Amino acid sequence: MTSINISEIIKKQLQKQPKVIQSFDCGRVSFDLYDNNALMYKLDGINVNWFFSSGRTRDGRYFSSKTARKTSYRIAANGNGYTIGLCYFENDITFIQHLITDFNNPFFICQLEVMDERKETETNYLVALDFFYPSRLSLPLFTSLETKVLLCPYDNDMWVRYETAYLKSGRTSYDVSAVFDPESLNGLVVGSIDNDIWKNGISGSEYDARSIRCISGIADGGTHDVNHHGYLAGKTVSSDRFVCGYFSDIRDGLMYYGKLAQNREGLFKYSGSSPFGWNSYSALALDVTLNHYQEAADFLYNRLENFRDSDGVTFINLDSSFGLSKIRLKKIIKKLHQRNQKAGTYMTPLSHLEALNMVPLKGSLLKFRKDIVLKQPDKSDYPPIDGKLPIDITIPEAEKDFREQLKEIISLGFDYIKFDFLSHGALEGSRYNKDIRTGRQALSYFYRILKEELDPAKVGREIFVDLAISPLFPAGYAHGRRCCCDVFGHIEDIKYLLNALTFGFWTSNYLYQFADPDHAVLYHSVVDNRDVSSFYEAKSRYNAAIISGTVMLLSDNYGPEDNNEQPELAKQRAILLANNENLNRIARLNRAFLPLTFEEDNCYFYLYHEGCTYGAVFNFDDEIKTFRLNPRSFNFPNNGILLDLNNNTSTIFNDKITITLDRHDSIVFELTRK
C-alpha cells in the first residue's frame, strides 16, 4: 500500500498560485481574472487587491463566484470606458458581476445582478465586492497589522461618531469606508452610490481575515433595526452599485466618493449663502414662549449687525415648541419678513411619543396617531426607539397628515423647517404599501413627498430644508444635514463636532450643500445639564461652526427674564464673538475645512479657497499648549504672515508657525505672503 505524505500535499497546496486566464485593460484600471474566479483590481498596472461576489436567496441558497461555474463574459465600450459582465451559475442561481470603468479615473464601479432560474428571485443579501484573504499578489497594505479602517455611522443619533480602527472582522462601516495606511494615508475607498433601496455596509469578513465585504442588505444595531433587512423580489434583483478606488490620499478618495454618491438629480440647492440665525432648543428647550422668540429676533436684528447671511438675512427658528398662539405667531413672522428676517420651525414627521397615540390625524376622520405606527413582520407594534414610535408613511392617512402639516407651516409663513428623528421612518418592518419592501425605500418615498410639497414653484417661495437626526443616505433631498448629534457648548462637544468634520468633511457640498454643526451655544444650554461654558469654550464652539460647512445658528436665552442676569450675559458674549466679520465672511463661503491629520482628536484644519489659505487649530487640553506647525503642511511657503482672524492681529513667521493657546482656546487664521 502506498503511504500518503500529508505534509507534501499541504505544502503543494499552499505553494500553488492561481493563474491568470483573462485580462481586461480598461485604461488606468485593469482586471486580471484568475483560474479560481478571483478578479484582481489593478491600478496603473499594479495589483491592488482581489475580490469575488456572493449572495444568498430567501430560501437559504448561497452562491459565490469562489465556487460557482463561470459561464460567459462580455465587454463593451461605454463611451468613457468599459462595461464588463462576468456571468456565473450555482445552486440554480445565475449571477453577473458588472464592472464599470472610466479611462481617466482610478476607481471602478461594481454591481451584482441575480436571477433565480427556478422561480421569482427573492433576496435580502448581496455582496457586490467580497474581498478574499489577501496574498502576496495584493498590496502589502492588506496584510499589514498597522492598517486601519474608517468606520462611518449609519446616522447621527445617540451621539454616535466616526471611528478609525485596526482592520478586523466583526466591525461594520455604513455605506462607505476606507482601508488605509495611517502614516501615508494611501488606501482603498469603497462605498455604495445608490442608497435609495438598500441599506449598505462595508463589514470586516468573519470568514477571511484581513478582508472586507461590501454588502447590500445590512440591518443591525447600527441601523437601530430589530428585524432583518427587507427582501427584494423580481425576475432579477441587483445590489446597489459600489465604487472602489485606490488613492494616494484617502481624503481625495472620499471627495471622489461624495461626488459619485450624489443624488442623480444633483445637490438640492439653496439660492442663498450659509444661513445665520437663532434656534430655540438649547436655549429654552420646551419652555420657549413667543416673547422669547420675539426678543431673540430683536436682539439679532439690533445688536448683531455682522451676524447674517450674504443677503443680510437671519433666521429665527422655533424648535420643539408646542401650544403657541398661531394668530400671534403669524403676526410676528409678518414683522420678521418686513425687516429681512425669516422664520423657522420644527417637525418629527416619521416618529412620535407613545403619549401622543390618541392625537387625531389631520385630514382623516376618526383616525389617530396610533393608527399609523409601523408594524413588525408579525404585525405587532414596533418598540420605541430613542423613546419614540416609528411611523409608516406609506399608510394613506399618514401621508395625508404629513402633507396637511406642511401646508399649515407654509400658510403660517415659515421659511425654514428642521426635520428630526427621520431614522425611524427607515426601519425594516411590514408596511401598508407592499411595493415598498425596505426601510430605505420608505424613507425615499417620504423624501419625494417632502420635495414635492416644498417645491418653490408650488409654495411660491424657497423654504430651507434641514435634517437633524437622520441617516446620511439617501442624500439630495435637503439643503442641509446635521453632521452629528446634539452639540452644546463645552470642550467635549467641540471635540465631538470636530470628529464629524475630520472624517465627514466630504459630505459638505457633495451630499448636502450645507453641513450643519448644530446650534452654537456660547453661554449656557438648559438641555445638557451643565454649567455655563467658559469664554474659550464659547470661542472654540463658534470657530468650530465657522469651519464646518455650515449653518450658523446661535442658541442662548436672550430673554426676557425678570430677576435673572443670564440673558444679558449671553447677549454680551454673543456680541463679542458672533459679530466678528473676519469669521462670518468665511462661514458665508459655504466651505468645510479639511482635516490636516486623519486621526482621532484631530485639532488641525485647513481650507484653500480662491487663492487664499486658511487654517484652524484647537486646544482640547486642560492647560496652555504651544503648537508648532510647518507652513509646508498648508502647502504654503516657509515665510509669511499669519493673520489671527479671531483677534484681528498679525504675526510674521519664518520656517515654522508657532501658536500658543490657552486651555480650550482655538484660532482661525489666514496665511498671506510678506
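A cavity is a set of grid points, over the protein atoms alone, where a 1.4 Å probe fits but cannot get out. By this rule, the predicted model holds 7 cavities of 30 Å³ or more. This report describes two of the cavities, then the packing of helix α4.

**Cavities**

The largest cavity encloses about 100 Å³ of space. Its lining is made up of 13 residues, and those nearest the centre are Pro-153, Asp-155, Asn-156, Tyr-162 and Cys-483. Helix α9 (residues 491-504) provides the largest share of this lining, with 3 residues.

The second largest cavity has a volume of about 70 Å³. Among the residues that line the second largest cavity are Tyr-162, Arg-481, Arg-482 and Cys-483. Leu-472, Ala-500, Gly-504, Thr-507, Tyr-512, Phe-514 and Ala-515 also belong to that lining. Three elements, namely β28 (480-482), α9 and β29 (514-516), contribute at least two residues each to the lining of the second largest cavity.

Tyr-162 and Cys-483 are among the residues nearest the centre of the largest cavity, and Tyr-162 and Cys-483 also line the second largest cavity. Helix α9 likewise takes part in the lining of the largest cavity and in that of the second largest.

The two linings are set out by residue class below.

| Cavity | Nonpolar | Polar | Charged |
|---|---|---|---|
| Largest cavity | 8 residues | 2 residues | 3 residues |
| Second largest cavity | 7 residues | 2 residues | 2 residues |

**Packing of helix α4**

Helix α4 (residues 290-303) packs on helix α11 (residues 566-578) at an angle of about 35°, and their axes are 11 Å apart. The crossing of α4 past α11 is right-handed. On the α4 side, Glu-295, Phe-299 and Arg-303 make the contact, while α11 contributes Lys-571, Gln-572, Ala-574 and Ile-575. Sorted by class, the contact of α4 with α11 comprises 3 nonpolar, 1 polar and 3 charged residues.

Helix α4 also packs on helix α5 (residues 326-338), where the axes come within 11 Å and cross at roughly 5°. Angles under 35 degrees count as roughly parallel, and α4 and α5 are therefore roughly parallel to each other. In this contact, Leu-290, Asn-291, Tyr-293, Gln-294, Ala-297 and Asp-298 of α4 meet Arg-328, Leu-329, Ile-332, Ile-333, Lys-335 and Leu-336 of α5. The contact of α4 with α5 has 7 nonpolar, 2 polar and 3 charged residues.

Note on methods
Residues numbered from 1 in each chain as written. Predicted model: local features only at pLDDT ≥ 70, side-chain atom pairs only at ≥ 80, totals over all residues. Heavy atoms only, no water. Axes fitted to C-alpha atoms, helices over the stretch in contact; angles between N-to-C directions. Helix = DSSP H or I, 4+ residues; strand = E, 2+ residues; numbered from the N terminus. Left-handed = near helix turned anticlockwise from the far one by under 90°. Contact = heavy atoms within 4.5 Å. Nonpolar A, V, L, I, M, F, W, Y, C, P; charged D, E, K, R; others polar. Parallel < 35°, antiparallel > 145°, perpendicular 65-115°, else oblique. 1 Å grid on protein atoms, 1.4 Å probe; cavity = no way out; pocket = protein on both sides within 12 Å on 5 of 7 lines; lining within 4 Å. Points joined across faces, edges and corners; volume = space filled by probe spheres on them.
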